Amino acid sequence: MHQPTPPSAADDRPFVDVPSMSSEPEREPEREPESAPEPDSESARASAGLPRPGPGSGPGPELRPGAGPGPGRGPGAPSPGDAGTPPRAAAALDGFGPRFPGGVDRGSPLTGAEARRSSSLGPGRPSSAEWVLQNRRPGPAPGYGSPSLSSLPGPPPSHGRAQTPTGPVPPPPPRGATIPGLRWSADLPPAHTVMICVALPGLAISSREEGQLTGRGLEGFYRAGRRVLSRCEIRVAGREPLAVQAQMIAADRARFVGTLRTSPQAGPDPDVVVERNRYADGTERITLHSAASRPLRLPVEVALGTDLADLGAIASGNAGPELPASVHGSGLRWSCATGNASVTAEPPPADALASAGLLRWELNLPPGGSRSVELRVRPDGAAPLRAVGRAATSPLAAARAEGDDPTAAALLRTSIEDLQALLLRDAVHPADTHLAAGAPWRCGLAPADALVAARMALPLGTGLAAGTLRILARSQLTGPGPQSGMIPGPRRDAGPLLPPQCTGTEATLLFPALLAEARRWGLPEQETEALLPAAERCLTWLLATAGDDPYLRDPHSGGLTRCETQAYAHRAALLGADMLDACGRAGGDGLRQWALASRTAFRRDFWVDDLGGGRPAVARAPDGRPVPHLSSAAAHLLDTGLLGGGAMAPGLLDKVQTEHLARLLGSPVMDSGWGLRGLGAKEPGFNPFGHRAGAVRVQETALAVAGLAAAGFEKEASSLLRGVLAAATSFEHRLPEMYAGEQRTEGSTPLPHPAACRPAATAAGAVVMLLTTLAGIRPDAPAGTVTLRPVRSAPLGEIGFTGLRVAGAPFSVRVSRLGLAMVEEAADGLQLGA
């Protein structure tokens, strides 16, 4: 047991003893028990009460590339009010969020009979809206979630030529990415009411009201998806400090301030300030500042506890009770069959009471002085956390913005910090990094989201894109079979109007497009050459799957053709052909011919005429009839991609159709005042909180702004841009992946979505795209040129960017209030294009 620290010799006045008001009796410290054996074998797992390994089992919420978690294995306990009922099955977490076993997922794939019915509608067939309803599955209300790949009847999909009545079986998802029959829980702990510090694989989740970690909800310190500390409550002189402020200081750090009055006779003014700095790496620094006129001796107690639960179990409400502690060195330690964790303190405590989970100090504070205690929590044997984004080798440049609108500078700075906090290294190839999809629910690799975010972050350098492409190239399916060339990815919910979609298709089409654009931004030729074979396999898959059809159809819905998928495929074909030609590879002509046929057919088949001038359909049913609803998927039609010489690729819409679409996206039906709605406000099924049914998704708003600006519709682009910036102020410049699509009114603020990740990779990357769109940077590094197409209306006034990267060198540009752009720093030899 450690003795209290003696009073400082700097002040010889007697200390005022502030008595503790705690009623906790003195207890003798307990010896540390022997560690439970690790369940390394099947018999050990059985003796520890753990389930036998099987499909879907895993190590917890996955924070490593290519892997996802299994069900939480923490001790289960019924929720209050659920006495007599078994605990709900634990959630599995991956790059697409938490999902729960049991029940039928509303977004489950169609059975063979349903698919045949949807593809063989004859005379007297139902309307397109009825077709959509027929092809939905019963389940929870429309919302955000990830359906399972593996609920198709019959054996699980293989890499071979297995077929179903609806067509080829989709590629399997990344390891641990799906579990059959998963759905969302109505009791998912809300994420919008907490502060999340991120430095993956570390998280620190705290209540917004005060700094105390009580173990309720999601609160606690996490490492690789396991809660290593759930409770950390401070008492000074037997009382909890009065919370006065809680704020995020950086992506990985939160600061909490509380006050105390040590002498009630001294009046209402507090004389002790308790400051807590909490870090995602598992460190908490507690500092007491004295404003008293005399020296103080303050008893300080920190109550600690943990359940060592997986995040999936916590999301399911099955975290279980706290574990008993043991004294360990200068702190406490907890053990269970699935892991161990410990907290060490500096300076060592005077008392460590294992039975109460309590550490105690007697701190001497001279007048105006301060004393600190630092706690470090981590799993046993784990090294100190070294976040990828904090390393000197971070692939993201620390760009800055400055100008007339201060929101832009704060938003860009925060978004880049969030991107750095979400970086993860490949477990086998540590030089390669990728972005996790978001915290707290999506701290794993989601291939499509990782590619989208890497593309949006290209103004910060090509290193992230290169690492992401290399990681996904290693997961690409090869060999014979219809899936050869695909990037695996699970299916996800597509909203109330359409069946779920395969993110593997999306990732496969994004791969060559990202490589082509990264090359324009300055990806070295040798790195491009190394990734070209994987890109060629993606493009070969595209042409082979489409065949003689001008569309890339969805095999799971009997031939449903999605607007969004056609935009991805058309861009991949054109950008891929341009890259193949530039690199001296064959195949470009075939891709251009298919893109031309697709463009011609799309303008004819996907345009729905109406009194307002028409709109693009969100999809075409298997029998060819359009599903005419207006959704944010139409924004992808404006995202055509960058070719050589600063030119944009042709789009799927003609000039008149593009003009009509621009007017629709800028109307109050789609523009909420806070950004672009996922579904038009007048459409059936509109839900302002629906993930793809009305909520504002920052990623698609950024695509719309960039596409509208490139097409010359600056008024509409500026309105959407200003809406997102206004929303960012309410979210403390850390945008979530989505928020409610309620109409903006005077004095209102955007409503947060309780299940949204914040930070999220696509939202943070979207900010980079949104702001750099103002300068219209279009590089062609292989040709040694960069073209500027600024937004002439200068919606944010003067704005300048420093620290961007083009052609592997720093790049700075400034846009004046007149909308004129000027390069201030660039790579040697880089010329300004026409």
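What share of the 834 residues in this protein is buried? The answer is 60%. Keep in mind that this is a predicted model.

Start with the overall build. The protein has 15 helices and 40 strands. Now take contacts between residues at least 6 apart in sequence: 67% of them join residues at least 24 apart. On the outside, the protein exposes about 30,800 Å². Carbon and sulfur atoms supply 54% of that area.

Next, the inside. In soluble globular proteins, nonpolar side chains tend to be buried together. Here, the largest nonpolar core holds 163 residues. Which of them have the most contacts inside this core? They are L460, F511, L735, Y739, I777, F801 and F811. Helix α10, residues 563-582, gives this core its largest share, with eleven residues. There is also a second core, separate from that one. This second core has 45 residues, including C197, A254, L260 and A341.

Now the cavities. How many are there of 30 Å³ or more? The count is 17. The largest has a volume of about 200 Å³. Its lining is made up of 18 residues. Closest to the centre of this cavity are A494, V618, S631, A633 and R692. What classes of residue form the lining? Seven are nonpolar, six are polar and five are charged.

To recap, look for three things on the structure. Find the core of 163 residues, with helix α10 as its largest contributor. Find the separate core of 45 residues. Then find the largest cavity, with A494 and R692 among the residues closest to its centre.

Note on methods. Residues numbered from 1 in each chain as written. Predicted model: local features only at pLDDT ≥ 70, side-chain atom pairs only at ≥ 80, totals over all residues. Heavy atoms only, no water. Core = buried A, V, L, I, M, F, W, Y, C linked by side-chain atoms within 4.5 Å. Buried < 20%, exposed > 50% of the residue type's maximum accessible area, 1.4 Å probe, protein only. Helix = DSSP H or I, 4+ residues; strand = E, 2+ residues; numbered from the N terminus. 1 Å grid on protein atoms, 1.4 Å probe; cavity = no way out; pocket = protein on both sides within 12 Å on 5 of 7 lines; lining within 4 Å. Points joined across faces, edges and corners; volume = space filled by probe spheres on them. Nonpolar A, V, L, I, M, F, W, Y, C, P; charged D, E, K, R; others polar. Contact = heavy atoms within 4.5 Å. Areas by Shrake-Rupley, 256 points an atom, 1.4 Å probe, with all protein chains shown as cover.
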